[in-house]
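Look at the charged side chains in the model below. Where do they pair up, and how accessible are the partners?

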Amino acid sequence: MQELNSPPNQRFIKSFIIYAEFGIPNVDLSSYKLTIKGNVGNPLSFTYEELLKLPRKEIIADFHCVTGWSVKSVKWEGIPFKFLIELAKVKNNSKWVMFYCLDGYSTIVPYDNVLEDNAILALYMNGEKLTIKHGFPARPLIPSLYGWKSAKWLNRIEFLDEYVDGYWEERGYHKRGNVWNEERFKNAFGRHLRRRAIL
Ligand SMILES: Nc1nc2c(c(=O)[nH]1)N[C@H]1C(S)=C(S)[C@@H](COP(=O)(O)O)O[C@H]1N2
Ligand SMILES: [Mo]
């Protein structure tokens with residue numbers, strides 16, 4: 001069983017390593033907005049209070065960092081992307097979804113993956129609101145993709161019909177990043193780059 005549940009070349013550890021390439025940003029809830037724009041019929045903007053009022057779904061999923069560590073059975077709770085996609089009237093020629101963060105980080109995922117049933121905009125982790133280190137107020141969580149696609153301190157979602165690089169993608173990491181297909185790098189010469197970890 002263990003083998004079935006473990007993606008290729010991942011090793012389980014007890015708790016997360018906290019990454020913050022640009023340091024931990026200041027989050028001021030009085031000015032915080034999450035916006036949804038791009039290839040949409042109905043652009044959206046939410047305060048944190050408004051996000052908390054949207055429907056939520058709970059998922060339990062293993063978390064996999066592309067550098068090789070994984071954490072078992074993390075409980076996340078958040079807004080299903082499918083719900084946000086309907087609300088924003090995302091156009092069906094959309095192919096990519098870009099996530100932008102308060103700290104300047106960004107990452108991109110295929111539209112197909114945000115349509116997965118357990119793809120959520122996570123607001124809670126293990127029963128509590130996300131802590132600041134884990135990306136408060138919100139981060140996307142798509143269990144089939146590596147952890148770098150889970151952008152912390154998220155403040156903008158953009159639906160696109162063409163691919164553009166995010167932060168790690170620009171540095172050679174994969175466009176999609178599916179953990180079961182081991183999509184770590186764009187090509188065979190890809191090498192892991194140092195990450196900035198926070199205690
Ligand atoms: N804004 C931001 N989001 C980020 C990162 C980052 O440096 N900045 N690192 C990514 C990587 S590589 C991983 S594995 C996860 C780690 O999640 P954690 O910091 O909650 O453990 O966050 C992802 N999201
Ligand atoms: Mo990662």
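In this predicted model, a search of the whole structure finds nine salt bridges. Three of the nine are followed here, partner by partner.

Start with Lys72. Its side chain forms a salt bridge with Asp62. The closest N and O atoms of Lys72 and Asp62 are 2.8 Å apart. What does this pair tie together? Lys72 belongs to strand β6, residues 69-80. Asp62 belongs to strand β5, residues 57-64. The salt bridge therefore ties together parts that lie ten residues apart in sequence. Lys72 has a relative accessible area of 36%, so it counts as partly exposed.

Move on to Arg184. Its side chain meets that of Glu182 in a salt bridge, with 3.0 Å from N to O. Is Arg184 buried or exposed? Its relative accessibility is 9%, so Arg184 counts as buried; the cut-off for buried is under 20%. Glu182 has a relative accessible area of 30% and is partly exposed. This salt bridge thus joins a buried arginine to a partly exposed glutamate.

Now turn to Glu170 and Arg171. These two residues also form a salt bridge. Their closest N and O atoms are 4.0 Å apart, and the criterion is within 4 Å. How accessible is Glu170? Glu170 reaches 57% relative accessibility and so counts as exposed, the cut-off being over 50%. Its partner Arg171 stands at 36% and counts as partly exposed.

Definitions and conventions. Residues are numbered from 1 along each chain as its sequence is written. Chains are lettered from A and ligands numbered from 1 in the order in which they are written. This is a predicted model: local features need pLDDT of at least 70, side-chain atom pairs count only at pLDDT 80 or more; totals for chains, interfaces and linings use all residues. Side-chain values use heavy atoms; hydrogens and water are left out. Helices (H or I, at least four residues) and strands (E, at least two) are DSSP runs, numbered from the N terminus. Buried means under 20% relative accessible area, exposed over 50%, partly exposed in between (1.4 Å probe, protein chains only).
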